[in-house]
Amino acid sequence: MRIPFLSSRRREYALDPLTVADAAAVSSLHQEDFVRPWTDGEFATLLEQDTVFGFAAREVGHGAEPPVGFVLARLAAGEGEILTVAVARTHRRQGLGWQLMDAVLRNLHAERAEALFLEVDETNLAALTLYRRLGFREVGKRPNYYRSPEHGPTGALVMRRDLR
Ligand SMILES: CC(C)(COP(=O)(O)OP(=O)(O)OC[C@H]1O[C@@H](n2cnc3c(N)ncnc32)[C@H](O)[C@@H]1OP(=O)(O)O)[C@@H](O)C(=O)NCCC(=O)NCCS
């Protein structure tokens with residue numbers, strides 16, 4: 001089901017469930033920000049799994065409307081996990097990341113999941129701030145988990161958001 005919303009800059013967007021047809025588009029969005037981007041095939045394989053779901057954010061009224069942001073999550077044994085989330089640079093800071101994460105939280109509530117987990121680079125201020133504002137708290141740390149040209153080896157924070 002399509003969920004329309006107005007961004008904080010009053011641009012019109014909509015969220016749709018992510019499908020295998022979006023694999024190539026989300027793979028190219030993923031390339032913008034991740035040191036080891038996932039291929040079209042990796043996204044397609046994930047999206048074919050029953051436990052995996054996600055949402056795409058599209059700007060409304062722009063022809064073919066390719067996704068400008070997306071989130072991919074998994075629900076297994078009553079626990080959700082964010083696999084990845086990204087918003088195109090030119091569409092950031094107007095609430096799309098929040099809307100995408102909120103759609104996952106609402107979906108998991110409806111499925112009566114207990115909690116949502118994620119891992120985030122400890123130097124990723126934008127994502128950390130977003131997650132903390134959404135009610136995630138740190139429950140663990142994996143030292144030297146990521147490696148970037150900019151920061152070298154950095155730790156991953158494991159975060160949890162209770163859903164009940
Ligand atoms: C993290 C990310 C998805 C956020 O997307 P976004 O659409 O820009 O986020 P939103 O506009 O919904 O931001 C919601 C809140 O998060 C916080 N936030 C977002 N970006 C921020 C930044 N650069 N610095 C500080 N706080 C930030 C703010 O509190 C913001 O609210 P505000 O704009 O009213 O202050 C985006 O920055 C991104 O794609 N980053 C690269 C990929 C990535 O790091 N993914 C996460 C991997 S774990």
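Tutor: Let's start with a term: a pocket is an open set of grid points with protein on both sides within 12 Å along at least five of seven lines. Keep in mind that this is a predicted model.

Student: Thanks! Which pocket does the ligand take up?
Tutor: A molecule sits in a pocket if more than half of its atoms lie within 2 Å of the pocket's grid points. By that rule, the space taken by the ligand is the largest pocket.

Student: How many residues surround the ligand, and which are the closest?
Tutor: A residue belongs here if one of its heavy atoms lies within 4 Å of the ligand. The shell counts 21 residues, and the closest are Val87, Gly95, Gly97, Asn124 and Arg133.

Student: Which element gives the largest share of that shell?
Tutor: At least two shell residues come from each of β5 (79-87), α3 (96-110), β6 (115-121) and α4 (125-133). Six residues make up the largest share, and they come from α4.

Student: What is the make-up of the shell by class?
Tutor: Five residues around the ligand are charged and five are polar. The nonpolar residues number eleven.

Student: How much of the ligand does the protein bury?
Tutor: Let's look at polar contacts before the area. A polar side-chain atom of Arg92 is 3.4 Å from a ligand oxygen atom, while polar backbone atoms of Arg93 and Gly97 each lie 2.8 Å from an oxygen atom of the ligand. Alone, the ligand exposes 920 Å², and the share buried by the protein is 78%.

Student: Why does the radius of gyration of the chain agree with a compact globule?
Tutor: The C-alpha trace spans about 45 × 40 × 35 Å along its principal axes. With 164 residues, a compact globule would have a radius of gyration near 15 Å, so the chain agrees with its own value of 15 Å.

How values were computed: Residues numbered from 1 in each chain as written. Predicted model: local features only at pLDDT ≥ 70, side-chain atom pairs only at ≥ 80, totals over all residues. Heavy atoms only, no water. Polar contact = N/O pair within 3.5 Å; in protein donor to acceptor, adjacent residues only side chain to side chain. Areas by Shrake-Rupley, 256 points an atom, 1.4 Å probe, with all protein chains shown as cover. 1 Å grid on protein atoms, 1.4 Å probe; cavity = no way out; pocket = protein on both sides within 12 Å on 5 of 7 lines; lining within 4 Å. Helix = DSSP H or I, 4+ residues; strand = E, 2+ residues; numbered from the N terminus. Nonpolar A, V, L, I, M, F, W, Y, C, P; charged D, E, K, R; others polar. Rg over C-alpha atoms; globule rule 2.2 N^0.38 Å.
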